[in-house]
Amino acid sequence: MAANRKLLILPGDGIGPEVMGEVKRVLDWMDSHRAITFDVDEDLVGGCAYDAHGAPLSDATMNKALAADAVLLGAVGGPTWEKLPFASQPERGLLRLRKDMELFANLRPAIVFDALAEASTLKTDLVAGLDILIIRELTGGVYFGEPRGITTLPNGERRGVNTQVYDTHEIVRIGRVAFELARKRSGRVCSVEKANVMESGVLWREEMTKLGAAEYPDVKLSHMYADNCAMQLVRAPKQFDVIVTDNLFGDLLSDCAAMLTGSLGMLPSASLGAADATGRRKALYEPVHGSAPDIAGTNKANPLATILSAAMMLRYSFDLADDADLLEQAVRDVLDAGYRTADIMQEGKILISCSDMGEIVVEAMTRRTT
Ligand code: IPM
Ligand code: MG
């Protein structure tokens, strides 16, 4: 039986519209070949929203996002908008979506596809088969803590202030997401903070330990300082399975983990809120990469991170594991067949454009289902 899902698509800036174009192609295919159908609405976020409405996210768009079953976002930002006042910058649009939708759990898988293991800057045996999941707290910590701002001191100097702050419930709810997902994987969680320097880190470690002992004794919990974690990620990444960490450390460590895989252009992400009474979670899916203004409009971008984000949407928002598997498998097929966009190009492989990549992924899904 067909069920209509309400999707809000926010392509954003730079390569956002190009990569999202390929996701639309994938969704159209799903719409006509699978049991799921979508009501798709599209709107502006980031610099393009600023140009149109004078704000990186209008209230009207925010309301649409709150009403949608899932939001798919491309990327925001670019040199055109870098000099705008802080509150008008494209990134504020993304941060407002995260905050107002209360998307506290950011899932950033770092998976090395067999066909791409050699593309990593690390030695192949260090990364081959890598499959780790970084769970980043997304609505708290220094990103949103008060007080914040820039003030002028009596002596004429200026002071910039941000506040790293976590309350118990914020740590516990992200901890639960990590423990639950670890149960579906290898049953291991590594919790990361700087308890050697920061009180917020001490609290983080204590709460994770308590939660683990009380509710998840079957999951093996370890702790690591964030600087060591950065080092371990490039030294021996396969020691990790699920990493749970705060907003800022998660930002840094997920970029680091992304690079292990050889291309930022391959990495999807999901940002989830709390489940409501019906089990539905607010959710936003986006590639980890940015807007890549240098190649925007040239049809060179890699749409796979955004396509894989759509697969995460099928899995986490719509519980359609078969469709998610199909799409992920189609991506593997295409890579195994040697097709590459410029960012993951290797000798002897076939260089194709962004739109070709979308088309070939759809063909691979058709082949697998006929
Ligand atoms: C990310 C990005 C954002 C962040 C920016 C664009 C605000 O780096 O999603 O990792 O810092 O969270
Ligand atoms: Mg980042």
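A polar contact is a pair of N or O atoms within 3.5 Å; within protein, one must be able to donate a hydrogen and the other to accept it. This predicted model holds such a pair at Arg-98. The side chain of Arg-98 meets the side chain of Glu-286 at 3.4 Å.

**Arg-98 and its surroundings**

Arg-98 sits in helix H4, which runs over residues 90–100. Is Arg-98 buried or exposed? Its relative accessible area is 6%. Buried means under 20%, so Arg-98 counts as buried. Beyond four places in sequence, Arg-98 touches Leu-103, Arg-108, Arg-136, Leu-138, Thr-139 and Glu-286. Two of these contacts, Arg-108 and Arg-136, are arginines themselves.

**Nonpolar cores**

The largest nonpolar core has 65 residues. Which members touch the most others? They are Leu-72, Leu-107, Ile-135, Met-313 and Leu-327. Take Leu-72. Setting aside neighbours within four places in sequence, Leu-72 is in contact with Leu-7, Leu-8, Ile-9, Leu-10, Met-20, Val-23 and Leu-27. Tyr-285, Ser-309, Ala-310 and Met-313 are also contacts of Leu-72. A second core is separate and has 20 residues. Leu-122, Leu-130, Met-224 and Leu-260 are among them.

**Helix H9**

Helix H9 covers residues 247–260. Its 14 residues, at 1.5 Å a residue, should span 20 Å. The end C-alpha atoms are 20 Å apart, so expectation and model agree.

Which residues of H9 are buried? They are Asn-247, Phe-249, Gly-250, Leu-253, Ser-254, Ala-257, Ala-258 and Leu-260. Viewed down the axis of H9, they fall within an arc of 160°, so they line one face of the helix. Several elements cover these buried residues, including strands S4 (105–111), S5 (131–137), S8 (188–193) and S10 (242–245). Helices H5 (124–127) and H8 (226–235) are also part of that cover.

Both ends of H9 have a local feature. At the start, a side-chain oxygen of Asp-246 comes within 3.1 Å of the backbone nitrogen of Leu-248. Just after the helix, Gly-262 takes a positive phi of about 100°.

**Backbone exceptions**

Most residues other than glycine have a negative phi, and most peptide bonds are trans. Glu-102 has a positive phi, near 55°, and is not a glycine. Asp-319 also is not a glycine and has a positive phi of about 55°. Where do these two residues lie, and how accessible are they?

| Residue | Phi | Loop | Relative accessible area |
|---|---|---|---|
| Glu-102 | near 55° | between H4 and S4 | 54% |
| Asp-319 | about 55° | between H10 (304–316) and H11 (321–336) | 68% |

Exposed means over 50%. Glu-102, at 54%, therefore counts as exposed. Asp-319, at 68%, is therefore exposed too.

There is also a cis peptide bond. It joins Glu-146 and Pro-147, with omega about 0°. Pro-147 is placed in the loop between S5 and strand S6 (149–152).

**Cysteines**

How many disulfides does the model contain? The count is 0. A disulfide is a covalent bond between the sulfur atoms of two cysteines. Cys-48 is in no disulfide, and its nearest cysteine sulfur, that of Cys-354, is 17 Å away. Cys-354 is likewise in no disulfide. The cut-off for the sulfur pair is 2.5 Å, so a 17 Å separation does not qualify. Cys-354 is buried, with a relative accessible area of 1%.

Notes: Residues are numbered from 1 along each chain as its sequence is written. Chains are lettered from A and ligands numbered from 1 in the order in which they are written. This is a predicted model: local features need pLDDT of at least 70, side-chain atom pairs count only at pLDDT 80 or more; totals for chains, interfaces and linings use all residues. Side-chain values use heavy atoms; hydrogens and water are left out. A nonpolar core is a set of buried Ala, Val, Leu, Ile, Met, Phe, Trp, Tyr and Cys residues joined through side-chain atoms within 4.5 Å. Buried means under 20% relative accessible area, exposed over 50%, partly exposed in between (1.4 Å probe, protein chains only). Contact means heavy atoms within 4.5 Å. Helices (H or I, at least four residues) and strands (E, at least two) are DSSP runs, numbered from the N terminus. The expected span of a helix is 1.5 Å times one less than its number of residues. The arc is that of the directions from the helix axis to the C-beta atoms.
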